[in-house]
Amino acid sequence: MITRRTFVKAGGCALVAYAGAPRFLFRTAHAAEASGKVLVAVFQRGAVDGLSMVTPHGDPGYAGVRPTIGLQPPGRGESERAVDLDGFFALHPALAPLVPLWSNRALAVVHACGSPDTTRSHFDAQDYMETGTPGEKATADGWLARAVGTRPAKSTPFRAVAIGPALPRALRGGIGAISMQSLERFDVRAGADSTARAGFESLYEQGVRDLLHGTGRETFDAVKMLRSAGAARIAPANGAEYPRVPLGEALRQITQLVKADVGLEVAFADMQGWDTHVGQGAERGQLALRFRDFGAALAAFAQDLGDKMSDVVVLTMSEFGRTVAENGNRGTDHGHATAMLVLGGGVRGGRVYGQWPGLAHHQLFEGRDLAVTTDFRALFAEVATRHLGVPAAPLFPGFRPTQPPLNILA
Amino acid sequence: MISQVVAGAALALGLLNGCSASTSPAAPAVALAPAPRVTGDRQIVHVLNRLTYGPRPGDLERVRTMGVSAWIDRQLRPQTIDDSATERALAELTTLRMPIAEALREFPRPDPKLQAQVASGEMSRQEMLERYPLEKRPARIATELQAAKAVRAVTSERQLEEIMVDLWFNHFNVFAGKGDVRWYVSAYEREAIRPYAMGRFPDLVRATAHHPAMLFYLDNWLSARPDFIVPAGPNRGRRAGLNENYARELMELHTLGVDGGYTQRDVTEVARAFTGWTIDRPQTDGRFVFRPGMHDTGEKIVLGRRIPAGGGRDDGERVIEILTHHPATARFIATKLARRFVADTPPPALVTKVADTYTSTDGDIPAMLRTIFESPEFYSADAYGAKIKKPFEFVASAVRALGGTTDAQGGMALARASAEIGEPLYQAQPPTGYADRGEVWVNAGALLARMNFALGLASGRYPHVSVEIPALVAGAEPSAPAAVLNRLLTAIVADQAGPETRAVLAAQLGEPQITRMSPDDRGPANTDVAKLAALVIGSPEFQRR
């Protein structure tokens with residue numbers, strides 16, 4: 001069990017002598033660890049319609065079930081049409097910024113991916129995907145936290161970071177993950193007066209070992225390191241332009257942490273608004289607007305990082321997919337399997353992975369939803385083991401892969 | 001030498017503790033022997049921390065004089081408490097009392113032509129702002145509601161009722177940013193939540209089920225029998241059909257709970273029962289209406305109970321009856337209440353007691369609360385300070401602790417502070433509302449935001465929010481920092497600061513920037529009470545209730 005204390009993260013008992021000393025060595029301590037791999041998880045909360053994100057236009061069952069929200073098959077030279085990927089699948093036209101990444105094989109798709117648990121509750125399904133234990137509610141920690149916990153200790157508070165107002169379930173559990181809404185505002189703001197910061201720091205330094213104190217101590221470690229690294233001042237590179245939406249802001253700040261070499265290993269960001277029960281739209285409309293921001297943010301991230309992207313893998317996920325047929329309100333209800341994206345260094349991209357279950361009525365899960373053919377744990381485990389070099393077993397307790405690996409990462 | 005050895009051992013011990021420490025939030029374990037009971041002034045502080053947005057200066061004495069049980073009794077009957085001062089403070093927030101139809105008239109949608117002109121570059125943003133100023137936009141409705149919530153939390157005498165309005169709003173959450181909910185959200189709290197917050201639970205379910213805000217937010221207004229053809233309006237001639245969104249959340253989040261034993265089949269049946277529950281002219285009137293033409297008239301089977309064909313509008317009422325009389329609902333609601341008032345992981349025995357009260361009183365909310373407030377679990381030492389304040393609870397309690405007051409403008413500033421710390425009011429997008437568990441709210445960024453709010457508040461940087469720090473330390477000699485600190489700790493954390501916090505704050509008194517020197521440097525002239533107060537507000541103790 002790894003504790004929340006930074007000094008233990010730094011390598012356990014050997015460093016205990018420094019426990020009471022000021023933590024002044026971050027800059028030198030982390031410099032040696034700078035070349036590490038980073039995994040970025042992006043959660044599409046609300047259950048994204050995988051059939052619109054990556055459309056199976058080659059499936060004869062597709063057009064008939066979605067009379068008003070189905071995408072037209074890709075058409076050559078038609079910029080408003082879905083972009084063909086491999087003759088069978090096509091990318092939603094609003095995701096066009098991702099096409100260059102597909103073409104240079106940095107982007108892969110896993111389709112019909114999802115959970116073995118059949119819940120259609122957003123909240124349970126998100127929990128299961130973040131704890132990595134479908135059907136098991138008692139799991140206290142998240143799969144990404146366990147991934148970090150199995151790696152060698154490092155003396156940085158920035159091993160695991162979520163950009164957002166709360167620490168997501170996936171990062172909870174004893175690794176001292178940090179969450180913040182903004183790098184710029186991540187400090188005690190008391191002007192030139194340093195006593196306030198010092199006072200708060202001492203208040204959380206002392207006292208009982210609980211969630212508040214532990215978080216407080218890590219917070220001040222992180223504040224100091226972030227300030228000395230000047231992360232918040234790093235501008236986007238390579239002409240990258242982020243969409244002005246929370247996901248764009250989050251990914252931009254994750255690149256700042258990557259570039260500042262603060263020892264980041266796992267980052268997390270999420271995007272809301274995928275629960276399209278009504279008026280989902282097709283090439284244009286509500287869902288298309290979401291895709292536009294989502295695709296633009298991911299593309300800007302890759303562009304901004306440039307060569308550094310070879311150390312980074314982005315994995316997108318959503319708690320489940322949506323009904324194959326459109327509902328009575330030109331939307332879709334809660335379904336089962338969806339599509340996930342893997343983007344970055346070492347990805348064997350330009351391919352759609354997974355076995356396609358088909359859209360004929362008898363092929364659907366419970367007669368209504370896309371069936372799951374790839375357990376999300378198989379995908380997550382493969383990405384984590386191959387990219388971060390961690391063992392799979394502690395990440396997904398009880399999971400026994402029943403299929404050969406996807407080999408989505410080299 | 002000896003002291004060094006001891007220190008080393010302590011460090012090693014600390015490390016061992018660290019290696020085995022659980023990182024779950026402080027939740028009292030189920031004790032075999034009953035934990036000691038909280039008594040005396042400590043008990044009063046506990047009650048004030050749980051039933052109000054935090055004690056104000058003088059509250060402890062007031063409750064002591066009245067007696068704890070008499071004070072709780074009074075809070076359980078809010079209609080007997082005069083709250084006219086709060087009402088006066090809210091008078092300028094005109095949208096609070098506005099019927100939906102009037103709000104729709106007062107805050108018209110932006111003219112699509114204007115938007116097109118801005119998009120094409122024909123009109124500048126500045127011109128657009130002049131033609132369609134912010135105060136005429138529907139966002140003002142939510143802004144005023146946020147301000148009102150902050151004002152009420154700080155100043156209302158009906159504190160328990162305010163706590164319950166917050167709890168039920170989150171239980172029956174709607175997102176103020178979704179479509180027409182912008183116009184409906186204030187009416188929703190006023191008409192569907194507040195009147196029943198201290199009433200009967202089934203009435204809350206009924207009121208929310210009928211309200212246009214909920215009908216819109218969870219899409220039921222569009223749900224129709226599968227072969228329904230829209231007869232008029234922009235979608236004329238289009239086929240509509242079933243939408244499961246409300247049906248599922250009604251069972252999962254409002255009544256039975258996700259483990260309440262329903263199936264996908266039940267979700268579909270409940271959705272069929274509610275077809276036709278819709279909104280009459282949503283953009284001009286926004287009223288509940290039952291449209292028989294949209295309704296699926298067939299028989300429904302919900303949780304094994306048969307609802308015969310031809311029930312019409314009553315199908316939905318029948319479903320609400322089945323759900324609100326289900327034992328899973330009693331347990332689910334009991335758990336929610338016990339979590340709010342006792343601990344993140346509430347003692348199972350208490351949940352059972354409260355669920356029994358639900359069943360025997362048909363969901364009477366004050367009766368369930370009474371069961372909690374009279375239980376040994378509520379007064380157990382394990383429960384004392386076991387809850388971590390939500391961001392909004394923290395903000396309101398800080399203002400109250402400093403003897404503060406706010407007007408409507410200040411309420412808006414306080415609402416923004418709550419958003420900075422992670423809880424933008426009425427902006428929870430998912431139907432779960434905001435969580436009531438500490439682990440959700442404790443994280444690095446949010447903790448810094450709490451400290452920054454404490455600094456800003458204590459130093460008077462929130463215009464329209466006034467705090468009375470000098471009054472807190474009245475009588476203490478300004479040049480005697482230790483006395484000032486004692487007063488502050490008594491006033492803000494009811495003297496319950498841990499020894500470590502006390503020691504740290506005492507050490508701070510040696511800082512020249514805290515204890516200002518007199519001009520000739522011959523001794524301390526006065527103490528920077530505001531900064532000390534900020535440190536106390538930002539301390540670990542004050543994050544708990």
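**Exercise 1.** In this predicted model, determine what span helix α17 (residues 327-341) of chain B should have at 1.5 Å a residue, and how far apart its end C-alpha atoms are.

*Solution.* Step 1: helix α17 of chain B has 15 residues. Step 2: the expected span is 1.5 Å times one less than the number of residues, so these 15 residues should span 21 Å. Step 3: the end C-alpha atoms are 21 Å apart, which agrees with the expectation.

**Exercise 2.** Establish which residues of α17(B) are buried and which helices they pack against.

*Solution.* Step 1: a residue counts as buried if 20 or more other C-beta atoms lie within 10 Å of its own. Step 2: the residues of α17(B) that are buried include B:Phe332, B:Ile333, B:Leu337 and B:Phe341, and also B:Arg331, B:Lys336 and B:Arg340. Step 3: the buried residues number 11 of 15, so α17(B) is largely enclosed by the rest of the structure. Step 4: their packing partners in chain B are α2 (40-51), α10 (159-171), α12 (201-210), α16 (314-324), α18 (348-361) and α19 (365-373).

**Exercise 3.** Describe the packing of helix α10 (residues 246-259) of chain A with helix α11 (residues 286-305) of chain A.

*Solution.* Step 1: the two helices pack at an angle of about 15°, and their axes are 9 Å apart. Step 2: angles under 35 degrees count as roughly parallel, so α10(A) is roughly parallel to α11(A). Step 3: their crossing is right-handed. Step 4: among the residues that meet are A:Leu251 and A:Val258 in α10(A), with A:Phe294 and A:Phe301 among those in α11(A). Step 5: by class, this contact has eight nonpolar, two polar and two charged residues.

Key: Residues are numbered from 1 along each chain as its sequence is written. Chains are lettered from A and ligands numbered from 1 in the order in which they are written. This is a predicted model: local features need pLDDT of at least 70, side-chain atom pairs count only at pLDDT 80 or more; totals for chains, interfaces and linings use all residues. Helices (H or I, at least four residues) and strands (E, at least two) are DSSP runs, numbered from the N terminus. A residue is buried if 20 or more other C-beta atoms lie within 10 Å of its own, exposed if 12 or fewer, and partly exposed in between; C-beta atoms are placed from the backbone. Two residues are in contact if their C-beta atoms, placed from the backbone, lie within 7 Å. Axes are lines fitted to C-alpha atoms, for helices over the stretch in contact, and angles run from 0 to 180 degrees between N-to-C directions. Angles under 35 degrees count as roughly parallel, over 145 as roughly antiparallel, 65 to 115 as roughly perpendicular and the rest as oblique. A crossing is left-handed if the near helix is turned anticlockwise from the far one by less than a right angle, and right-handed if clockwise. Ala, Val, Leu, Ile, Met, Phe, Trp, Tyr, Cys and Pro count as nonpolar, Asp, Glu, Lys and Arg as charged, and the others, Gly among them, as polar.
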